[in-house]
Amino acid sequence: MSSDEIARLALGVNRMLARLEVSFGSLHRFTADASHELKTPLMVLRAGVERALVHPATPNEVLQSLDETLAQINQMSEMVENLLTLARADEGRAPLAVEVADLRDILGDVAETAGMLGETGGITVRVEMPEAPIRLAVDRHRIREMLLNLVTNAIKYTGKGGTVGLRLWQDEGDVVFTVADSGIGIAAGDLPHIFERFWRADPARSRTGDRPGTGLGLAITKWIAEAHGGSITVQSRPGRGTAFTVRLPQAGSRPAAGPSEEPQMNGEERRKDERRRA
Ligand code: ADP
């Protein structure tokens, strides 16, 4: 092949990549706009159903289907909210509100919710954290959301009589969170997929059945860990349990998703790196 031909080929590939970039950009834009537009009608729907539920003239036989409708609306709102977050993150428009926080406070808060959820499900929740404060510059709402996602999953996928353990500690310059459960576990073949958007183990599992969910929680959780310059890993044995570990760098840490940066590039690089390591 002559150098002319190679140059022409390279030009063609570059043009194609540029076109692809534009179309990915518009896809993110479309997803962000669509989810944003869906928020208001969903709010109106929810308010209408809630009004009907408490209205004295609503016949009893209608109440159950209204309840089911409300559950669906709530699930859809959660999905739309999560989609919007991910689409904004892809566009680099999901800035973190970073401030120094004692991570023990955030974990304590999450542990309280976990305790209540566990009590309903007959699951023991244990918490372990150091006596001294662990201060780190984080977006406390996002870190809370990340831990809540992991904890609600741990409880959702653990049967009665099981245990869920939350732990916070420091290791080699990292702050480490572990959420471990004694639940159903994840098949080895499923592990590479769990952080993918909309992925849920066992396609037969309905989105609203015993274990409702959208398959977006772990995708968001991973984004939050990475946006803080950290990482998330998972270890699991089917029938024995699952442990998620989030590591956030402490010294000289710099959240990666600031508005002036290019999280899309960073995210892509990280994804490639992870695929290489997987
Ligand atoms: P979902 O809304 O389905 O819980 P997630 O993104 O949070 O979505 O999780 C994706 C899938 O990973 C779940 O559907 C489930 O199959 C699996 N999973 C996540 N956490 C656990 C866990 N602690 N134990 C077992 N399976 C889990």
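**Reading the ligand site**

Of the chain's 278 residues, 36% are buried, meaning under 20% relative accessible area with a 1.4 Å probe and protein chains only. This is a predicted model, in which local features need pLDDT of at least 70, side-chain atom pairs count only at pLDDT 80 or more, and totals for chains, interfaces and linings use all residues. Residues are numbered from 1 along each chain as its sequence is written, and side-chain values use heavy atoms, with hydrogens and water left out.

Me: Which residues come nearest to the ligand?

Reply: A residue is near a molecule if one of its heavy atoms lies within 4 Å of it. Here 20 residues surround the ligand, and Asn153, Asp181, Arg200, Thr214 and Leu218 come nearest. The shell has 9 nonpolar, 7 polar and 4 charged residues.

Me: Which elements each supply at least two residues of that shell?

Reply: Helices (H or I, at least four residues) and strands (E, at least two) are DSSP runs, numbered from the N terminus. Helix H4 (140-156), helix H5 (217-227) and strand S7 (241-249) do so; H4 gives the largest share, 3 residues.

Me: What lies 2.8 Å from a polar backbone atom of leucine 218?

Reply: A polar contact is a pair of N or O atoms within 3.5 Å. At leucine 218, the partner of the backbone atom is an oxygen atom of the ligand. The side chain of asparagine 153 has an N or O atom 2.8 Å from a ligand oxygen, and for a polar side-chain atom of lysine 156 the distance is 3.0 Å. Taken alone the ligand exposes 520 Å², of which the protein buries 97%.

Notes:
A polar contact is a pair of N or O atoms within 3.5 Å; within protein, one must be able to donate a hydrogen and the other to accept it, and residues adjacent in sequence count only if both atoms are side-chain atoms. Accessible areas come from the Shrake-Rupley method with a 1.4 Å probe; for residues, only the protein chains shown count as cover. Ala, Val, Leu, Ile, Met, Phe, Trp, Tyr, Cys and Pro count as nonpolar, Asp, Glu, Lys and Arg as charged, and the others, Gly among them, as polar. Buried means under 20% relative accessible area, exposed over 50%, partly exposed in between (1.4 Å probe, protein chains only).
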